Amino acid sequence: MSKSCFIAVTNRSLCKRPFFDVMEDLSKKDIKTIVLREKDLKEEDYYEIAKKCQEICENHSASLTIHNFVNVARKLGIKKIHLSYPVFLKEAGNLTDFESVSTSIHKPEEALKAQELGADFVFAGHVFATDCKKGLPPRGLDFLRDVVGAVDIPVYGIGGINEKNIEQIMECGAAGGCMMSGFMK
């Protein structure tokens, strides 16, 4: 299975080695994009990390997507943005300067609304059990099929996705899957 069906999602706290070394390795992989999802950072700190990640990705012609910090993306000239669903709803009419806009959804209706508001693709989850959502039951493959069936834009499964279960994700009609832990460790 080609890794190009994968989207990498970062989380520095999962790294067993220096984060920028992980970014360097990720930037050399055949993946759709790297979503810089460092939710614990304030905008100024996120900007500094994003600037370094942008440099790493540019050196290897890798795609970098900024998560939630629209102003950081604009300041750095990064044309791909991924937003949480509430932020996406708030910003939806104000994103025409981006080449790629995506959001995370948890219901087929949210995916449909995201499509109507101009999202290029969505992350749907969480599909499988994951440590990132400890204690929350996964939504499962039927949920993913329902989301895929509700929209015409690509859907990427998220939550517990790895190389062993990506085929199940693809069989649901998804464009691919988002992987965090597998890429960070």
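Begin by selecting helix α6, residues 140-150, and colour its buried residues, which are Gly140, Leu141, Phe143, Leu144, Val147 and Val148. If you then look down the axis of α6, these buried residues fall within an arc of 155°, so they line one face of the helix. Keep in mind throughout this tour that the model is predicted.

Stay with α6 and turn to the face that points away from its buried side, where you will find the exposed residues Asp142 and Gly149. To see what covers the buried residues of α6, show its surroundings, which include the strands β5 (100-105), β6 (121-125) and β7 (155-158), together with the helices α5 (108-116) and α7 (166-171).

From α6, follow the chain into the loop that leads to β7 and select Ile153, which lies in that loop. Is Ile153 buried or exposed? Ile153 is buried, since its relative accessible area is 16%, and the cut-off for a buried residue is under 20%. Leaving aside residues up to four places away in sequence, Ile153 touches Gln115, Ala119, Asp120, Phe121 and Val122. For a sense of distance, select Ile66 as well: the C-alpha atoms of Ile153 and Ile66 are separated by 20 Å, and the two residues lie 87 residues apart along the chain.

Two of the residues that Ile153 touches, Phe121 and Val122, also appear at the next stop, strand β6, where 5 of its 5 residues are buried. Both faces of β6 are covered, with Phe121, Phe123 and Gly125 buried on one side and Val122 and Ala124 buried on the other. In a regular strand the side chains alternate between the two faces of the sheet.

Now add β5, which pairs with β6 in the parallel sense over 4 bridges, and look for Ser104, which stands opposite Phe123 in β6. Strand β5 is mostly covered too, with 6 of its 6 residues buried. On one side of β5 are Ser100, Ser102 and Ser104, and on the other are Val101, Thr103 and Ile105, all of them buried.

Continue to strand β4, residues 80-83, which runs parallel to β5 and is joined to it by 4 bridges; here His82 stands opposite Ser102 in β5.

With these strands in view, show the whole sheet, in which 8 strands close into a barrel in the order β1-β2-β3-β4-β5-β6-β7-β8, with parallel pairing. Neighbouring strands of this sheet are turned by 25° against each other on average, direction ignored. Where do β1 and β8 meet? Select residues 6-9 for β1 and residues 176-179 for β8, and you will see two parallel strands joined by 3 bridges, with Ile7 having Cys178 in β8 as its bridge partner.

Next, select helix α2, residues 43-59, which packs on the sheet and touches β2 (34-36) and β3 (64-67), its direction making about 170° with that of β3.

For the last stop, add helix α1, residues 19-26, which packs with α2 at an angle of about 35°, the axes of the two helices being 9 Å apart. The crossing of α1 and α2 is right-handed. To view the contact itself, display Phe19, Phe20, Met23 and Glu24 in α1, which meet Ile49, Lys52, Cys53, Ile56 and Cys57 in α2. By class, this contact of α1 with α2 has 7 nonpolar residues, no polar residues and 2 charged residues.

Notes. Residues are numbered from 1 along each chain as its sequence is written. This is a predicted model: local features need pLDDT of at least 70, side-chain atom pairs count only at pLDDT 80 or more; totals for chains, interfaces and linings use all residues. Side-chain values use heavy atoms; hydrogens and water are left out. Two strands pair if DSSP finds at least two bridges between them. Axes are lines fitted to C-alpha atoms, for helices over the stretch in contact, and angles run from 0 to 180 degrees between N-to-C directions. Contact means heavy atoms within 4.5 Å. A crossing is left-handed if the near helix is turned anticlockwise from the far one by less than a right angle, and right-handed if clockwise. Ala, Val, Leu, Ile, Met, Phe, Trp, Tyr, Cys and Pro count as nonpolar, Asp, Glu, Lys and Arg as charged, and the others, Gly among them, as polar. Buried means under 20% relative accessible area, exposed over 50%, partly exposed in between (1.4 Å probe, protein chains only). The arc is that of the directions from the helix axis to the C-beta atoms.
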